[in-house]
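The following exercises ask the reader to work through a structure step by step. Each task is followed by a worked solution.

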Amino acid sequence: MDDKCAQVFRQIEFMHGSVLGMANVLTEADLAYRPWAGKRSLGELLGHMALLCSADLRLSDGDTEDQMKVYYRENRPDGLKESLLTLSRSVEELRGRYDLYTAASLEEKTTSWWGATYTRFGWLVQIAVHLAHHRGQLHSMLLTIGKDPERPLFE
């Protein structure tokens with residue numbers, strides 16, 4: 001794997017581990033918690049995070065809006081255990097793809113269905129940022145329900 005990608009994956013793996021650790025304080029009943037009307041519940045947030053790496057990889061490949069709707073409709077983790085297993089698989093899928101990329105392919109630009117254009121490396125950075133954003137939301141939601149996961153968010 002490219003050295004720059006390996007550095008990003010170090011952060012992705014750290015975030016993955018911290019999400020798994022934060023989930024240790026959760027029960028299935030906690031997943032119904034919805035702090036803001038019209039926004040994701042705790043379970044919906046975990047489900048979104050579970051698919052994030054795989055879904056964003058598809059976006060970087062140029063999947064259309066309709067293809068993504070089908071992907072999300074067909075991939076809905078149910079419950080805490082399935083969400084965490086799906087998250088791990090999603091991270092593995094992302095790593096597997098980036099293990100195959102050459103230096104030249106990391107410089108290839110691709111465009112999402114809504115027009116965002118990045119190199120393959122740029123997409124990897126976006127995926128890491130996306131995961132960090134939702135990990136922060138998860139941490140905040142846990143604190144809101146009085147369940148401090150006591151996990152560091154940074155190395």
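**Exercise 1.** Determine which side chain meets Arg 58 in a salt bridge, and where the two partners lie.

*Solution.* This is a predicted model, and the pair is read from its side-chain atoms.
- Step 1: The partner of Arg 58 is Glu 93, with an N to O distance of 3.1 Å.
- Step 2: Arg 58 belongs to helix α2 and Glu 93 to helix α4, which covers residues 79-100. The two are 35 residues apart, and the pair links distant parts of the chain.
- Step 3: A residue counts as partly exposed between 20% and 50% relative accessible area. Arg 58, at 23%, is therefore partly exposed. Glu 93, at 31%, is partly exposed as well.

**Exercise 2.** Identify the residues that salt bridges with shared partners join into one network.

*Solution.*
- Step 1: The network consists of Asp 61, Arg 97 and Arg 120.
- Step 2: In total, the structure holds 9 salt bridges.

**Exercise 3.** Describe the salt bridge between Lys 4 and Glu 107.

*Solution.*
- Step 1: The N to O distance between the side chains is 4.0 Å.
- Step 2: Lys 4 is in helix α1 (residues 3-23), whereas Glu 107 is in the loop between α5 (103-106) and β1 (109-111). The separation along the chain is 103 residues.
- Step 3: With a relative accessibility of 42%, Lys 4 is partly exposed. Glu 107 is also partly exposed, at 48%.

**Exercise 4.** State how far apart the closest N and O atoms of Arg 34 and Glu 44 are, and place both residues in the chain.

*Solution.*
- Step 1: The closest N and O atoms of this salt bridge are 2.8 Å apart.
- Step 2: Arg 34 lies in the loop between α1 and α2 (42-60), and Glu 44 lies in helix α2, 10 residues apart.
- Step 3: Arg 34 has a relative accessible area of 40% and is partly exposed. Glu 44 is partly exposed at 38%.

**Exercise 5.** Characterise the overall fold and explain why the chain counts as being as compact as a globular protein of its length.

*Solution.*
- Step 1: The chain contains 6 helices and 2 strands, in the order α-α-α-α-α-β-β-α.
- Step 2: Its radius of gyration is 16 Å, close to the 15 Å given by the globule rule for 155 residues, so the chain is as compact as a globular protein of that length.
- Step 3: Buried residues account for 45% of the 155 residues.
- Step 4: Of the contacts with a separation of 6 or more, 72% join residues 24 or more positions apart.

Definitions and conventions. Residues numbered from 1 in each chain as written. Predicted model: local features only at pLDDT ≥ 70, side-chain atom pairs only at ≥ 80, totals over all residues. Heavy atoms only, no water. Helix = DSSP H or I, 4+ residues; strand = E, 2+ residues; numbered from the N terminus. Rg over C-alpha atoms; globule rule 2.2 N^0.38 Å. Buried < 20%, exposed > 50% of the residue type's maximum accessible area, 1.4 Å probe, protein only. Contact = heavy atoms within 4.5 Å.
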